[in-house]
Amino acid sequence: MRPVIVAEGVRRSFGAAVVLDGVELRIAPGEVVALLGGSGSGKSTLLRILAGLDPEAGGVIRRPDHLAVVFQEHRLLPWKRVIDNVALGLTGPDLAGRANVALAEVGLADRGRAWPAELSGGQAQRVAVARALVREPDLLLLDEPFGALDALTRLRMQALLTRLHAQHGFAALLVTHDAEEALLLADRILLLEGGRIVEDSPVTIAQPRSRDDPAFGAARRHLLTRLGV
Ligand SMILES: Nc1ncnc2c1ncn2[C@@H]1O[C@H](COP(=O)(O)OP(=O)(O)OP(=O)(O)O)[C@@H](O)[C@H]1O
C-alpha cells in the first residue's frame with residue numbers, strides 16, 4: 001500500500017548542533033506509529049518537520065493532503081468559543097454542523113458555546129483533538145498530546161484515541177517519552193537517537209493490551225534499556 005507519509009534524508013541543525021542526521025520514515029495508511037526517544041533527541045523537531053512547520057529542514061517529504069497536528073498544549077484561541085476554535089480555518093458547507101459532530105465524538109457535545117478558559121485541561125485537549133478530527137486527517141501527528149494531563153485523564157485520553165482510530169482509520173504518529181503509552185497504542189515503535197531512527201520494531205502483543213501481560217513487561221524492559229533508563 002502507498003504510504004501516507006514518506007520522509008527521506010531529514011536533516012536539521014541548530015547552529016553547530018546536528019539534531020536530525022538523515023531520518024528515514026514511512027507510515028502506512030491506518031498505521032499507528034510511536035516515536036520514542038530521550039529528552040532532547042529531536043522528537044518534536046521531527047514532528048514539526050513532518051507537519052511542514054519547519055522550512056529550514058533538509059530532506060524530502062511527501063505528505064498526505066489531509067494532515068492534522070495535536071500538540072502538548074491545546075493551542076486554542078482564548079477569544080473564540082469552543083465551536084469556533086474547532087471550525088477555525090475549515091472550508092466547505094455546514095462548518096458548525098461538522099464542528100458539532102467532532103465535539104460530540106470527543107464527548108463535548110454540550111460545550112460548543114463555552115470559552116476555552118471555562119474548560120479543564122483534559123476538556124481543552126479534547127477540543128484540540130476535535131479540531132484535528134474535523135479535518136478528516138489521513139495522518140494525525142501527536143506531540144506528547146497527553147503529557148500535561150493527570151494520570152487518570154491521560155488513561156481516558158488514550159482510550160479515546162484508540163476509539164477514534166478504530167472509527168476513522170487515520171494513520172498516526174505519536175511522539176512520546178512514555179514507553180508504556182507507546183506499547184499500549186502503537187502498531188510499531190521507532191526509537192530516535194543520535195539524530196537517526198536506530199530501532200524500528202512492530203508491537204506484536206495482541207489488542208486489547210494489558211500492562212499485566214508478561215509480553216508487555218518484557219517489551220517495556222527492552223525499551224527502557226534502549227532508552228538508558
Ligand atoms: N528552535 C530551536 N533553536 C535551537 N535549538 C533547538 C530549537 N528547537 C529544538 N532545539 C534543540 O534541538 C534538540 C532537540 O529538541 P526537541 O524538542 O526536538 O527534542 P525532544 O526529543 O522533543 O525532547 P523532549 O522529549 O524533551 O521534548 C534540543 O537540544 C533542543 O535544544
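**Close-up views of a predicted model**

**View 1. Six strands build one open sheet.** In this predicted model, 6 strands line up in the order E5-E6-E7-E3-E8-E9, and their pairing is mixed. Strand E5 (67-70) and strand E9 (196-202) are the edge strands. Each of these two pairs on one side only. From one strand to the next, the twist averages 20°.

**View 2. Strand E5 meets strand E6.** Strands of a sheet pair through backbone hydrogen bonds, in either a parallel or an antiparallel sense. Which sense joins E5 and strand E6? E5 and E6 (residues 139-143) pair in the parallel sense, over 4 bridges. Look for Val69, which stands opposite Leu141 in E6.

**View 3. Three strands build another open sheet.** Here the order is E2-E1-E4, and the pairing is antiparallel. Strand E2 (17-27) and strand E4 (58-62) stand at the edges. Each has a single partner strand, so one side of each is left without a neighbour in the sheet. Neighbouring strands of this sheet are turned by 15° against each other on average, direction ignored.

**View 4. Strand E1 meets strand E4.** Strand E1 (residues 5-14) and E4 pair in the antiparallel sense. How many bridges join E1 and E4? The pairing runs over 4 bridges. One residue to find is Arg11, whose bridge partner in E4 is Gly58.

**View 5. Helix H1 lies across strands of both sheets.** Start with the sheet of 6 strands. H1 lies across strand E3 (32-37), E6, strand E7 (171-175) and strand E8 (188-193). The helix runs at about 150° to E7. Now turn to the sheet of 3 strands. H1 also lies across E1, E2 and E4. Its angle to E1 is about 125°.

**View 6. Residues surround the ligand.** The residues around the ligand are Phe14, Val19, Gly37, Ser39, Gly40, Ser41, Gly42, Lys43, Ser44, Thr45 and His177. Which helix gives the largest share of this shell? Helix H1 (residues 43-50) does, with 3 residues. By class, the shell has 2 nonpolar, 8 polar and 1 charged residues.

**View 7. A UniProt annotation covers residues 5-219.** The annotation reads "domain: ABC transporter" and comes from an unreviewed UniProt entry. How far apart are the end C-alpha atoms of residues 5-219? They lie 27 Å apart. The span is 32% helix and 27% strand.

Definitions and conventions:
Residues numbered from 1 in each chain as written. Predicted model: local features only at pLDDT ≥ 70, side-chain atom pairs only at ≥ 80, totals over all residues. Near = placed C-beta within 6 Å. Nonpolar A, V, L, I, M, F, W, Y, C, P; charged D, E, K, R; others polar. Pairing = 2+ DSSP bridges. Axes fitted to C-alpha atoms, helices over the stretch in contact; angles between N-to-C directions. Contact = placed C-beta atoms within 7 Å. UniProt positions renumbered as here; feature names shortened; annotations may be inferred.
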